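Please read this report alongside the sequence and the coordinates. It goes through strand pairing and helix packing in turn.

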Amino acid sequence: MQEKGVPVLIFSAGLADIIEEVLKQKVHRSFKNVRVVSNRMVFDENGHLQSFKGKTIHVLNKNEHALDMAAPLHDHFDDVNGLSDEKSALKKRTNVLLLGDHIGDLGMSVGLDYETRISVGFLNDRVEDSLESYRKAFDILYLNDSSMHGVLKLATHLCSTESD
């Protein structure tokens, strides 16, 4: 996806600092096309948490509008023009590959003007109780903490098709 210039947005009601650290430790590299849109912590010079940047992102506003609410995604995007250019470019994308572990995550694409959306669901808890509603809601469904192998295969296939 990075080779093709496809932006990857990780929307989370969690903590951006934690997500980014896990990515660094598990993947051992950074990606220019990956942005974490989440709650970012502010620490003082002694390393104590002082506050959070921007407005709080939570499960009910975890969508395209969170881009507008979020603090700068990375330090090098503190330039207002650079950030707004990036937001504008993201909003022009016409295809969405949406991954979520809750039916409410399907709302992350609300506000995007897309032509095609493929939704991939991950059902990990109360599988038997929720299976039917998840099957109806998501295009593809993985159960019980499945690996990302299927998603990687799908993304590789989608990026390998010629669109020029």
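The sections below describe a predicted model.

## The three-stranded sheet

Three strands form an open sheet in the order β1-β2-β3, and their pairing is mixed. At its edges lie β1 (8-15) and β3 (49-53), each of which pairs on one side only, and the twist from one strand to the next averages 35 degrees.

Strand β2 (residues 34-43) and β3 run antiparallel and are joined by four bridges, with Arg-40 standing opposite Lys-53 in β3. Helix α1 (residues 16-27) lies across β1 and β2, and its direction makes an angle of about 120 degrees with β2.

## The β-α-β unit

Further along the chain, β5, helix α4 (residues 127-137) and β6 make up a β-α-β unit that is right-handed. Its strands, β5 (residues 116-123) and β6 (residues 140-143), run parallel and are joined by four bridges; in this pairing Val-120 stands opposite Ile-140 in β6.

## The two sides of helix α4

Which residues of α4 are buried? They are Val-127, Ser-130, Leu-131 and Tyr-134. Seen down the axis of α4, these buried residues fall within an arc of 135 degrees, and therefore they line one face of the helix. This arrangement can be read against the general geometry of such helices: an α-helix has 3.6 residues a turn, so residues three or four places apart point the same way.

The cover over the buried residues of α4 includes β5 and β6, whereas Asp-129 and Lys-136, on the other side of α4, are exposed.

Definitions and conventions. Residues are numbered from 1 along each chain as its sequence is written. This is a predicted model: local features need pLDDT of at least 70, side-chain atom pairs count only at pLDDT 80 or more; totals for chains, interfaces and linings use all residues. Side-chain values use heavy atoms; hydrogens and water are left out. Two strands pair if DSSP finds at least two bridges between them. A crossover is right-handed if, with the strands pointing away from the viewer, the path from the first strand over the helix to the second runs clockwise. Axes are lines fitted to C-alpha atoms, for helices over the stretch in contact, and angles run from 0 to 180 degrees between N-to-C directions. Contact means heavy atoms within 4.5 Å. Buried means under 20% relative accessible area, exposed over 50%, partly exposed in between (1.4 Å probe, protein chains only). The arc is that of the directions from the helix axis to the C-beta atoms.
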